[in-house]
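Please work through the following exercises with the sequence and the model at hand, attempting each task before reading the solution beneath it.

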Amino acid sequence: MGCRSFPYWFGTFLFDYLIYLCFVILFYVISALLSLDIAFKYITTGLTCYLLFGVSYILFAYIMGFLFKTLENALKLYAMFCFFVNFCVPFIFIAFVDFFY
């Protein structure tokens, strides 16, 4: 019969997020071993950014998985999509903010 869609994707998300949290913890352990004070100077801000980034990036990866059905299309369009979203959209937003304010 199988599993329903929501429990499957929620369980997959939790597993992926736990793997991501292992890398965040590893980062802080290595930072402590190397005495990198910058990692602990703003620890609340850093942890908040890391935790929110993990959620957003995993969900982004799932959405990209749904958008592309074949590997060839993903390899062709993913780089252009990320370039547009990461570089062009912020500059367009900044231009509108500077123009109207």
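**Exercise 1: A tyrosine and its surroundings**

Tyr 62 is buried, with a relative accessible area of 17%. In this predicted model, determine which helix holds Tyr 62 and which residues Tyr 62 touches, not counting those up to four places away in sequence.

*Solution.* Begin with the burial: the relative accessible area of Tyr 62 is 17%, and the cut-off for a buried residue is under 20%. Next, locate the residue, which lies in helix α3. Then list the contacts: once residues up to four places away in sequence are set aside, Tyr 62 touches Trp 9, Thr 12, Phe 13 and Asp 16. Finally, for a distance along the chain, take Thr 48, which is 14 residues from Tyr 62 and whose C-alpha atom is separated from that of Tyr 62 by 22 Å.

**Exercise 2: The nonpolar core**

Identify the residues of the largest nonpolar core, and state which element gives the largest share of this core.

*Solution.* The largest nonpolar core has eight residues, namely Phe 13, Tyr 17, Tyr 20, Val 24, Tyr 28, Ala 39, Ile 58 and Tyr 62. Two elements, α1 (5–33) and α3 (43–67), give two or more residues to this core, and the largest share, five residues, comes from α1. To follow one member further, consider Ile 58, which, leaving aside its neighbours within four places in sequence, is in contact with Phe 13, Asp 16, Tyr 17 and Tyr 20.

**Exercise 3: Two helix crossings**

Describe how α1 packs against α3, and then how α3 meets α4, giving the geometry and the residue classes of each contact.

*Solution.* For the α1 and α3 pair, the axes are 10 Å apart and the packing angle is about 140°. This angle makes α1 oblique to α3, since angles over 145 degrees would be needed to count as roughly antiparallel. The crossing of α1 past α3 is right-handed. Among the residues that make this contact are Trp 9, Leu 21 and Phe 27 of α1, together with Leu 47, Tyr 50 and Phe 66 of α3. By class, the contact of α1 with α3 has 18 nonpolar, three polar and one charged residues.

For the second pair, the axes of α3 and helix α4 (residues 71–100) come within 12 Å and cross at roughly 140°; α3 and α4 are therefore oblique to each other. Their crossing is right-handed. On the α3 side the contact involves Tyr 57, Phe 60 and Met 64, which meet Tyr 78, Phe 81 and Cys 82 in α4. Sorted by class, the contact of α3 with α4 has six nonpolar, no polar and no charged residues.

**Exercise 4: Backbone and accessibility**

What is notable about the phi of Ser 35, and is Ser 35 buried or exposed? Classify Leu 14 by its accessibility as well.

*Solution.* As background, most residues other than glycine have a negative phi. Ser 35, although it is not a glycine, has a positive phi of about 55°. The residue is placed in the loop between α1 and α2 (37–41), and with a relative accessible area of 53% Ser 35 is exposed, the cut-off for that class being over 50%.

Leu 14, by contrast in location, is found in helix α1. At 40% relative accessibility, Leu 14 counts as partly exposed. The C-alpha atoms of Leu 14 and Phe 68 are separated by 23 Å, the two residues being 54 residues apart along the chain.

Conventions
Residues are numbered from 1 along each chain as its sequence is written. This is a predicted model: local features need pLDDT of at least 70, side-chain atom pairs count only at pLDDT 80 or more; totals for chains, interfaces and linings use all residues. Side-chain values use heavy atoms; hydrogens and water are left out. A nonpolar core is a set of buried Ala, Val, Leu, Ile, Met, Phe, Trp, Tyr and Cys residues joined through side-chain atoms within 4.5 Å. Buried means under 20% relative accessible area, exposed over 50%, partly exposed in between (1.4 Å probe, protein chains only). Helices (H or I, at least four residues) and strands (E, at least two) are DSSP runs, numbered from the N terminus. Contact means heavy atoms within 4.5 Å. Axes are lines fitted to C-alpha atoms, for helices over the stretch in contact, and angles run from 0 to 180 degrees between N-to-C directions. Angles under 35 degrees count as roughly parallel, over 145 as roughly antiparallel, 65 to 115 as roughly perpendicular and the rest as oblique. A crossing is left-handed if the near helix is turned anticlockwise from the far one by less than a right angle, and right-handed if clockwise. Ala, Val, Leu, Ile, Met, Phe, Trp, Tyr, Cys and Pro count as nonpolar, Asp, Glu, Lys and Arg as charged, and the others, Gly among them, as polar.
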